[in-house]
Amino acid sequence: VKHLLGIRDLTRQDIELIFQTADQFKEVLQRPIKKVPTLRDTTIVNVFFENSTRTRISFELAEKRLGADVVNFSASGSSVSKGETLIDTVNNILSMKVDMVVMRHSATGAPHFLAKHINVPIVNAGDGINEHPTQALLDAFSIRERLGGVEGKKIAICGDIMHSRVALSNIYCLKKLGAEVTVVGPPTLIPKHIGAALGVNVSYNIRETLEWADVANVLRIQLERQNMPLFSSLREYSLAYGVNRKLLDSLKKDIVIMHPGPINRGVELSSDVADSGQSIILDQVENGVATRMAVLYLLGRNE
Ligand code: CP
């Protein structure tokens, strides 16, 4: 059984195949009838142990556009609150003849653990601070769409690198596609040794980094994953590292602005920048459906 647990496991060829497949699904999504019957005989369950807006809706739409039957499970309101384990929960769902699992969980490695115990494909929709592979795929797909390619592009990943699964999956994906990556943020939010370990540049100076970059992917401060605040206030963070119009106007060029959502407006990103022509934030969300259709189709086909 093949899974999508992380970008770390993929080759550049795998990623390019996903993009070529997503190109075709993006075309389908422009048509009046946006559905294809590719996964008509497939039942997919979306198992979310952690909150989500974009990823859950995007997967559900992707599944329905492919003609799959879809079941949604949220931990809140389920028998997890009565003490049922992850593996019992999923095995009970699978005994109802489900063919594929999409899972989000707050624990790093939860989908990898599950993959050892079940025999249907699993797609990781975000596990703790580890990976969020479909987010990285839709991000790189959106860069490719806006700039014509990813190879050789200079991408800044800004903010809370330490607690962000989006950052890690983006780094793996962008590096495999030949981009140059700089992570920038306060020293307390950037893991030590990340530069040598993952082949990225490290900077603590947002203005210098954006002057270098073609694209800034701005991340939310993941307060829910921090045991104690790693800076004195969100206001202090915003003043030092917030991406706003004044900062962008001080650069000698226009750069593309991205954000995986949800945005904390006025903290990591100002509203005027988020809603400007430089921002491709809603393109990222739109591309999420075609990209996830590609992943589900390729996994379903290999079954
Ligand atoms: N980008 C992202 O994962 O958003 P959600 O948490 O709303 O799914």
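This report walks through a predicted model of a protein chain, from its domains down to single residues.

## Two domains

Let's start with the big picture. The domain assignment splits the chain into domain 1, made of residues 7-131 together with 285-302, and domain 2, made of residues 133-284. Taken over C-alpha atoms, the centres of domain 1 and domain 2 lie 25 Å apart. Where they touch, domain 1 contributes 25 residues and domain 2 contributes 23 residues. On the domain 1 side, the elements that give two or more residues are α1 (12-30), β4 and α12 (281-302). Of these, α12 supplies the largest share of that side, with seven residues.

A database record adds another view of the chain. An unreviewed UniProt entry annotates residues 2-145 as "domain: Aspartate/ornithine carbamoyltransferase carbamoyl-P binding". Over residues 2-145, helix makes up 41% of the chain and strand makes up 17%. The C-alpha atoms at the two ends of that stretch are 28 Å apart.

## A four-stranded sheet

Now look for an open sheet of four strands, which follow the order β2-β1-β3-β4 with parallel pairing. The edges are taken by β2 (69-74) and β4 (122-127); each has a single partner strand, so one side of each has no neighbour in the sheet. On average, neighbouring strands here are turned by 10° against each other, direction ignored.

You can zoom in on one pair of this sheet. Strand β3, residues 100-105, is joined to β4 by four bridges in the parallel sense. Find H105, and you will see D127 of β4 opposite H105.

## Around strand β6

Another good place to visit is β6, which covers residues 180-184. Is this strand mostly covered or mostly uncovered? Four of the five residues of β6 are buried, so-called covered positions. Strand β6 pairs in the parallel sense with β5 (residues 154-158) over five bridges, and in this pairing I157 has V183 of β6 as its bridge partner. To get from β5 to β6, the chain passes through helix α6 (residues 165-176), and this β-α-β crossover is right-handed. Strand β6 is also joined to β7 (residues 201-203) by three bridges, again running parallel. Here T182 stands opposite N201 of β7.

## Three annotated binding-site residues

The unreviewed UniProt entry marks K82, R165 and R220 as "binding site". These residues span 139 residues of sequence and are spread in space too, with up to 32.2 Å between C-alpha atoms.

K82 sits in the loop between β2 and α3 (86-94), while R165 belongs to helix α6. Why does K82 count as exposed? K82 has 6 C-beta neighbours inside 10 Å, and a residue with 12 or fewer is exposed. R165, in contrast, has 23 other C-beta atoms within 10 Å and is therefore buried. Leaving aside neighbours within four places in sequence, R165 is in contact with G126, D127, G128, I129, N130, E131 and H132. One of these, D127, is the residue that stands opposite H105.

## A buried alanine

A274 lies in helix α11 (residues 271-274). A274 counts as buried because 21 C-beta neighbours lie inside 10 Å. Apart from residues up to four places away in sequence, A274 touches H259, I263, R265, L269, S279 and I281. From A274 to D88 there are 186 residues in sequence and 42 Å in space, C-alpha to C-alpha.

## Backbone details to look for

Most residues other than glycine have a negative phi, and most peptide bonds are trans. With that in mind, take a look at G261 and P262, which are joined by a cis peptide bond with omega of about -5°. P262 is in the loop between β9 (256-258) and α11.

Two residues other than glycine have a positive phi, K97 and H193. The table sets them side by side.

| Residue | Phi | Place | C-beta atoms within 10 Å |
|---|---|---|---|
| K97 | near 65° | loop between α3 and β3 | 8 other atoms, exposed |
| H193 | near 70° | loop between β6 and α7 (194-198) | 8 other atoms, exposed |

Notes. Residues are numbered from 1 along each chain as its sequence is written. This is a predicted model: local features need pLDDT of at least 70, side-chain atom pairs count only at pLDDT 80 or more; totals for chains, interfaces and linings use all residues. Two strands pair if DSSP finds at least two bridges between them. Axes are lines fitted to C-alpha atoms, for helices over the stretch in contact, and angles run from 0 to 180 degrees between N-to-C directions. A residue is buried if 20 or more other C-beta atoms lie within 10 Å of its own, exposed if 12 or fewer, and partly exposed in between; C-beta atoms are placed from the backbone. A crossover is right-handed if, with the strands pointing away from the viewer, the path from the first strand over the helix to the second runs clockwise. Two residues are in contact if their C-beta atoms, placed from the backbone, lie within 7 Å. UniProt positions are given in the numbering used here, feature names are shortened, and annotations may be inferred rather than shown by experiment. Domain bounds come from an automatic or database domain assignment.
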